[in-house]
Amino acid sequence: MDRRKSSKETTSSKALTMVPSPPISASEAFIVNTLCALVLFFAFWIANTLYSIDLVTDPSLTLFFIWITELPTVTLLFSRYRQNRQRCTYLRAVGRGVLGVPVGALLNLLGAIALGAPVTSQYLPKTVNWALMMSLFTTVPASCVLGSSWTDWRRIFAQTKPNGSIEYLLCLPAHGAVIGAWFGAWPMPLDWERPWQEWPISVSYGAIAGYLVALIASLGFVLACGRPQHIKRE
Amino acid sequence: MSSISCTKLTLFTIAAVTIQLIGLSVFVFGFFPVKPLLSGHSGSESFRPPTCDNDGVANHTDASLPPDRLRFMYQEVSEIQPLYDRLVLMVIDGLPAEFVLGKKGQPPSKAFMEAMPYTQSLLANGMAVGYHAIAAAPTVTMPRLKGMVSGAIGGFLDVAFNFNTQAYFDDNLLAQFSKIGWKMVMHGDDTWLKLFPGLFERHDGVSSFFVKDTVQVDQNVSRHLGDELSRDDWNFLILHYLGLDHVGHIGGRNSVLMASKLFEMDEVVKMIHINTLQNLENDQGQTLLVVVSDHGMTENGNHGGSSYEETDSIALFIEPKTHAFNHSSPYHDTIFQVDIAPTLALLFGVPIPKNNIGVLISQMVDSLTDDQKLRALQLNSWQLFRLLQTQLPGLSCRNFPCGAFVTNSGPRISKCKDSKEKLFCCLYLNAATLHDAWKAKAIIRSNSTEGYNSIVAAYHEFLSSASEWLSHKATDKPINLLVFGVAALIISCLILLGLVVVIHKEVPAWEMQDLDTYVKPWIIDEVFILFGVLILVISMGSSSMIEEEHYIWHFLTSTIYLLFFRKAIQSVDLHKACDFLSSMKEQRNISVCQLSSLILILFSGRILKGWHQGGVNWTNLPDISKWLEQAGSQYINMIQIASCAMVIILGISLLFLMQSKTKVLAVIGFSLLMSGLLVLQHFMNHQHMSASYNKDAILSVQIFYAVLGITTITVVLVLPWVMPMQTPEICSKGNFYLSASVPVGIQNMTPILVLKDCLYIVGCFYITSWCLLQLLLQQSTNAMPVFLVFIQILASMHTFSSSGSHHKQWVEITALYNLGMAGHFALGNSNTLATIDVAGAFIGISSHSTFLSGLLMFIITYASPMLFFLSIVLYISVKATIYPPVIRNRNSGEILKTLLGFPCIVPLTINSVLLSAYTIVLLLMRNHLFVWSVFSPKYLYVCAATACVYIGVFVIVATVVHTYIVLFWLRKSFSISSKENGTLSSNLRTS
């Protein structure tokens with residue numbers, strides 16, 4: 001994981017000028033991240049109080065609550081920071097965010113299956129709901145902000161070179177969720193015979209934990225990245 | 001620049017491997033002590049003094065005797081009248097002696113006293129005598145049962161060496177009883193049925209699989225009790241109650257269920273005792289009830305280790321009559337668990353089992369006459385002396401008086417302190433001479449209690465010292481050896497790691513000018529690979545991670561390839577490629593190819609994972625192989641034939657991917673086709689019958705072996721000689737980029753390019769024929785996985801060969817290694833010895849041969865890792881990038897180092913790290929509950945994997961070095977000598 005921006009790397013993609021999304025101030029980033037986290041807890045709260053279930057007792061329904069509540073939050077919040085404001089209206093950004101949900105879910109699903117997620121029909125609803133949740137953590141914010149710009153996607157997700165404060169908000173939580181999910185899979189083969197060792201419960205816990213940690217970390221990066229720009233503007 | 005020459009590198013590697021080998025063997029012999037076990041069963045010769053054996057004769061007569069005659073003969077020669085006729089052995093699994101007998105002279109806690117009122121009353125009025133019977137580690141049921149019935153403490157290797165069957169063939173009480181015609185009945189733990197199949201007249205085995213069940217397991221035993229006690233057709237009744245152990249596992253020693261469970265056991269004791277009392281009246285003979293436990297338990301209810309709580313098992317001898325035991329100190333006595341076997345043997349008039357190391361419990365024979373008691377001690381001494389003789393070959397006691405009595409009036413007692421042999425000899429002779437003298441004075445034995453006591457003391461001195469020495473020999477792990485072994489392993493591991501670091505540092509110096517990936521310090525996939533090795537090492541400490549190791553390998557391998565995928569995406573440019581130059585387009589094509597082959601690898605990896613639900617805990621879940629077996633054999637056969645055809649087609653088309661279509665290629669392709677067709681024909685003809693029992697099938701398999709062996713050897717040996725030296729314009733596809741990028745020194749490149757072509761052909765041939773061999777040997781459901789592993793290897797080769805990838809060599813080799821290990825588990829292997837395909841080990845072998853079967857077993861088990869090693873030859877050919885300066889220097893050391901450095905040292909290093917780490921884990925876990933069931937089998941697999949790495953690396957080195965020598969030296973000298981004839985010379989004018 002090296003996120004060092006080495007000066008030697010002069011990729012050609014930088015030369016092509018895109019209208020960058022406006023930098024996001026630290027307080028705004030704080031609000032966005034807090035809302036994302038709060039909605040997550042809200043989903044758990046709903047599941048717990050209204051339906052008296054949690055991730056262990058009914059994983060697919062709980063995961064459904066999580067992604068259905070995150071969906072409006074994430075799309076509405078992140079579409080405000082879309083690129084190319086002149087050409088892209090707010091609604092369009094929301095629209096492509098919603099479109100990004102199934103695509104991202106498919107990618108996450110394929111990744112999880114490649115890593116060994118069960119494919120039998122009894123696990124299908126859980127897996128699909130999990131993939132939709134992961135999609136909201138990883139790709140939906142990016143598809144709201146970046147649209148279908150391949151170079152930006154590649155820069156952020158394949159090369160891990162976020163550029164500017166808003167891209168930290170896209171990059172870090174997505175990576176955090178994936179890495180968290182990866183680590184969350186490790187307790188599964190242990191023979192503790194606990195109910196949470198089932199797919200996808202521990203993986204979801206790992207993903208959520210990684211996501212939350214990365215939300216906090218991304219705030220730190222926004223702060224670190226925002227200050228020099230602030231000075232420059234003044 | 002720290003450079004290391006090829007010779008130095010080789011020497012260091014060989015040194016490291018040698019140190020590793022020495023360390024490993026020292027550790028193995030230290031950890032799994034191989035003690036000479038006596039085979040066969042004791043017969044009437046055990047009633048004769050040990051030094052005067054004329055073996056063979058006695059056994060002959062024993063075997064021919066019918067059981068009843070044998071029993072009488074034993075009674076006659078043993079000179080001891082059996083005290084009892086029937087035996088009830090009640091095993092209460094996991095009962096600590098503390099619950100019944102208390103600890104250190106204190107009575108047990110009040111709750112436990114009250115829980116077993118009947119047993120306590122028996123103990124109080126002298127009808128029962130109880131002992132703390134110290135069990136040996138590992139305190140697990142099966143080894144302890146063996147210890148109780150044979151009096152021996154087994155090592156691990158005797159478990160490992162008969163993984164085929166769990167049946168117990170060494171000399172034991174049950175075998176002795178069945179020889180004299182006893183009828184035996186067993187109810188309870190089915191371990192007994194596994195140990196002694198077919199020995200019981202009636203049995204009802206319960207499994208200890210459902211640990212949560214504490215009620216039904218015992219009811220299943222007790223429900224037979226009334227019936228069995230009313231019958232008189234058995235001589236030996238075994239009752240094995242598992243419930244108490246289960247109670248312990250759930251709730252520990254102080255579980256609320258414990259008191260009620262003890263009461264239940266007490267009821268059983270009461271029932272048996274009252275019934276046997278009644279039997280006394282109708283003259284059925286005397287029944288001895290022996291209540292034993294196989295091991296104790298810790299506070300938490302676990303067992304397996306060697307703490308006092310775990311080893312404190314109970315031995316309770318209960319008689320129907322009151323008189324037997326003078327209950328001076330029923331709470332105090334401590335014996336060893338192995339003492340039960342010789343005591344029972346002597347009480348029931350059968351020979352003591354050969355490997356017994358236990359000592360007669362003298363209190364049990366109190367009701368015998370003095371003569372008989374001494375005789376019992378003598379028999380026990382003779383048996384132990386025989387056992388000592390096998391362990392100490394120097395122990396012969398030449399001056400031992402054979403048969404004749406020593407009649408000198410004052411028997412000499414010598415002080416005994418000397419070497420082991422002399423000590424035992426002296427102690428034994430002391431007792432023997434005293435005893436003989438006593439016998440000689442049999443008539444005038446009026447005031448002889450003193451003499452008698454001294455004989456008993458002398459016998460006991462010999463018996464206890466011999467028994468102690470023998471048991472230490474069996475259980476003690478020589479700590480010096482273990483430490484030395486581990487130290488050697490660590491040293492070799494460090495050497496290898498150092499070598500990797502050194503050559504890794506060197507590579508950038510070679511290629512600095514070309515690749516700027518080396519400028520970057522750490523790349524995510526490299527970090528991940530190191531992290532993955534760390535995870536593997538850590539996960540070895542957990543028994544369930546070892547049981548489910550296939551998850552780890554699949555997870556790591558998929559993650560590595562996903563990271564490669566991510567890396568490949570980095571260079572994909574969707575938009576720009578269309579409007580740029582054609583070279584850009586080509587670049588794009590390459591990366592698309594690379595992405596698709598990575599997807600192929602991941603996809604086949606996922607299918608492979610789903611093929612066998614490996615491991616231990618989730619084997620019952622559905623998987624593809626079970627599904628196929630249900631679907632029927634015709635589908636399996638179709639898949640088998642299809643995968644075979646695909647392997648042949650792929651292998652041959654791989655050969656013809658080389659653009660130089662020489663005649664040699666056609667010949668090689670034809671021979672591959674031939675072997676492939678042989679396999680196909682075998683599948684077609686012998687699909688319904690089991691291959692190992694059919695003459696035709698055996699013949700066709702043997703023909704295949706012969707064809708494959710001969711063609712492989714021929715190809716490897718001859719190919720470098722006949723490969724035409726061509727100009728580099730028409731060389732293989734893999735060389736294209738190299739030759740294009742390095743226009744200088746093309747003349748010098750020729751032999752290198754031919755070398756690459758040669759290795760390419762040999763590599764293809766290796767992996768294709770290996771896959772064909774595996775298709776034949778593996779179970780029929782494994783045909784598809786073999787093909788998929790083959791696909792994975794080829795796709796990896798394709799990925800790594802395309803210039804788009806900038807992985808370092810060690811990263812790619814580690815990825816391949818992981819692929820091989822993931823494939824190993826995908827072929828249905830696991831870390832238990834049960835998954836070894838024993839049936840496959842006899843395919844094509846007409847007569848029984850342990851060596852050949854073992855070889856085939858190894859080939860089947862390590863199919864996938866070996867395929868990985870063979871593919872490394874192909875990898876070397878695909879990746880070889882030799883730079884003109886080196887060629888110009890004609891420095892063969894440098895060339896060989898570049899070719900072989902990483903491909904050989906990286907696998908050796910990974911294996912060395914895993915081996916050393918696991919050895920340390922095993923040492924730390926030596927008292928773990930699962931040390932014999934999980935950790936030790938895994939260690940055998942690790943050792944076999946080490947052997948596999950050695951063989952694989954040797955094959956790689958031998959192939960490459962042979963090809964190199966032939967191409968660079970032999971052919972040159974040959975061509976120089978034939979230069980005048982003008983053949984080939986124009987191409988070979990290199991310098």
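A nonpolar core, as the term is used here, is a set of buried Ala, Val, Leu, Ile, Met, Phe, Trp, Tyr and Cys residues joined through C-beta atoms within 7 Å. Keep in mind that the model is predicted.

**View 1. The largest nonpolar core takes in 319 residues.** Look for B:A133, B:I314, B:V762, B:I767, B:F790 and B:L867, the residues with the most contacts inside this core. Helix α31 of chain B, residues 746–777, gives the core its largest share, at 20 residues. Domain 1 (6–29 + 479–988) and domain 2 (91–367) of chain B both chip in residues, so the core lies between these two domains.

**View 2. Here we zoom in on B:L867 and its contacts.** Skip the neighbours within four places in sequence, and B:L867 is in contact with B:I767, B:W770, B:C771, B:V789, B:I793 and B:G820. One of these partners, B:I767, also turns up among the core residues with the most contacts, and so does B:L867 itself.

**View 3. Chain A meets chain B through 16 residues of chain A and 22 residues of chain B.** On chain A, helices α3 (90–114) and α5 (150–158) each supply at least two residues of the side that touches chain B. That side of chain A breaks down into 9 nonpolar, 3 polar and 4 charged residues.

**View 4. A:P102 sits in helix α3 of chain A.** Buried or exposed, or something in between, for A:P102? This proline has 13 C-beta neighbours inside 10 Å, so A:P102 counts as partly exposed. For a sense of scale, A:P102 and A:L169 are 67 residues apart in sequence and, C-alpha to C-alpha, 21 Å apart in space.

Definitions and conventions
Residues are numbered from 1 along each chain as its sequence is written. Chains are lettered from A and ligands numbered from 1 in the order in which they are written. This is a predicted model: local features need pLDDT of at least 70, side-chain atom pairs count only at pLDDT 80 or more; totals for chains, interfaces and linings use all residues. Two residues are in contact if their C-beta atoms, placed from the backbone, lie within 7 Å. Helices (H or I, at least four residues) and strands (E, at least two) are DSSP runs, numbered from the N terminus. Ala, Val, Leu, Ile, Met, Phe, Trp, Tyr, Cys and Pro count as nonpolar, Asp, Glu, Lys and Arg as charged, and the others, Gly among them, as polar. A residue is buried if 20 or more other C-beta atoms lie within 10 Å of its own, exposed if 12 or fewer, and partly exposed in between; C-beta atoms are placed from the backbone. Domain bounds come from an automatic or database domain assignment.
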